[in-house]
Protein chains: 2
Amino acid sequence: MPEFLDLHGRTNKLVRAAADAALRRHGLHLGQDHLLAVLWEHDGSTPGEVAAALNVTTPTVVKMATRMATAGLLTRRRDDRDNRLVRLWLTEAGHALREPIEAERRLLEQKITADLTETERRHLMSALAKIHRSANDLLEGAPIDTAG
Amino acid sequence: MPEFLDLHGRTNKLVRAAADAALRRHGLHLGQDHLLAVLWEHDGSTPGEVAAALNVTTPTVVKMATRMATAGLLTRRRDDRDNRLVRLWLTEAGHALREPIEAERRLLEQKITADLTETERRHLMSALAKIHRSANDLLEGAPIDTAG
DNA sequence: CTAAGGTCGTTTGCCGTCTAACGATTACGC
DNA sequence: GCGTAATCGTTAGACGGCAAACGACCTTAG
């Protein structure tokens with residue numbers, strides 16, 4: 001049970017739980033805030049575009065969009081020019097959540113990093129960035145099937 | 001989109017994906033290695049005990065145990081003295097995975113933290129521990145309903 | 001102009017996770 | 001001793017996430 005993997009995983013679990021509690025107060029589920037964030041910047045994005053922006057697969061976005069449409073947060077509409085495409089449009093309710101959700105998220109970040117000095121915070125970000133890069137390289141390197 | 005929450009979440013996603021790829025080579029799914037780890041140390045644990053050790057709910061362990069029993073990794077048996085209890089026992093296959101899985105996990109940790117100096121690593125662990133504590137306090141504080 | 005191929009979104013099925021409701025068994029109070 | 005309460009595991013249903021198969025649509029080659 002390696003130290004870092006263990007601690008990082010447990011920490012992520014707690015952070016997710018804290019974020020979930022905050023989102024629940026606004027009627028959202030974990031991850032839905034990210035989907036909304038994409039539409040807040042680019043209303044009318046397609047499921048594929050959203051998936052790419054979130055580093056998630058398209059079926060995941062489709063499922064979430066269906067539930068969020070039922071919840072009245074967004075609407076599906078097919079693109080006029082290219083009928084394969086579907087565009088997701090925010091409703092009034094979807095737009096209205098922007099300020100409160102962004103504030104909630106800023107507050108959470110602040111609470112969670114409150115015990116860190118500015119130096120510690122910088123070093124933490126730097127170290128995490130390195131880890132992020134290493135993990136990314138690890139994933140991109142292996143799956144390449146050098147056929148031929 | 002706060003910096004830390006974003007980076008931490010994306011990093012975790014990559015780390016999970018890397019762990020999943022490694023586990024898949026041994027026929028395991030994400031999280032099943034943790035369940036096995038508990039049994040490697042305390043074979044014959046109950047679902048409740050495993051859940052507590054993993055910081056997970058009991059239904060989660062029950063479902064995983066069912067699938068892992070089907071996969072031939074463990075066996076269910078009721079406790080003789082207390083018939084409410086169920087104990088999970090490793091099979092030969094479950095035991096046999098210990099060495100390879102632990103090695104895989106050590107290797108992953110090493111690869112992922114390869115770009116960090118020893119000082120960076122220490123500071124990272126320290127900072128994550130603080131975050132962990134803050135998030136934990138945040139979760140334990142709120143849910144307490146001060147009724148009366 | 002038509003057939004083949006590429007690009008989408010959707011469906012299906014699985015996994016881990018949670019909460020809530022259910023059922024069986026043991027322990028406790030009277 | 002018997003009924004009530006506490007303690008378990010299980011089931012049911014929802015959610016985010018993934019991979020694979022499917023179907024509708026557009027593009028392009030011939």
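The surface near DNA strand C is made up of nine nonpolar, nine polar and six charged residues. Keep in mind as you look around that this is a predicted model. To find your way in, start with A:T46, A:G48, A:P59, B:P59 and B:N83, which come nearest among the 24 residues around the strand. Both chains are named in that list, and the helices tell a similar story: α3 (47-54) and α4 (58-70) of chain A, along with α4 (58-70) of chain B, each supply at least two residues of this surface. If you want one helix to follow along DNA strand C, pick α4(B), which gives the most, with five residues.

Now turn to where the two chains meet. Chain A brings 44 residues to the contact and chain B brings 44 residues as well. On the side of chain A that touches chain B, α1 (3-24), α6 (98-112) and α7 (118-141) of chain A each give two or more residues. Of these, α7(A) gives the most, with 15 residues. The chemistry of this side of chain A breaks down into 25 nonpolar, nine polar and ten charged residues.

How do the two chains relate to each other in space? A rotation of 180°, with 0.0 Å of shift along its axis, superposes chain A on chain B with an RMSD of 0.0 Å. Such a relation is that of a two-fold axis. To place the axis in your viewer, look for A:L124: its C-alpha is the one in chain A nearest the axis, 2.8 Å away. Both copies use the same surface, and 100% of the contact residues of chain A recur in chain B.

How values were computed
Residues are numbered from 1 along each chain as its sequence is written. Chains are lettered from A and ligands numbered from 1 in the order in which they are written. This is a predicted model: local features need pLDDT of at least 70, side-chain atom pairs count only at pLDDT 80 or more; totals for chains, interfaces and linings use all residues. A residue is near a molecule or strand if its C-beta atom, placed from the backbone, lies within 6 Å of it. Helices (H or I, at least four residues) and strands (E, at least two) are DSSP runs, numbered from the N terminus. Ala, Val, Leu, Ile, Met, Phe, Trp, Tyr, Cys and Pro count as nonpolar, Asp, Glu, Lys and Arg as charged, and the others, Gly among them, as polar. Two residues are in contact if their C-beta atoms, placed from the backbone, lie within 7 Å. Copies are superposed by least squares on the C-alpha atoms of residues with pLDDT of at least 70 in both.
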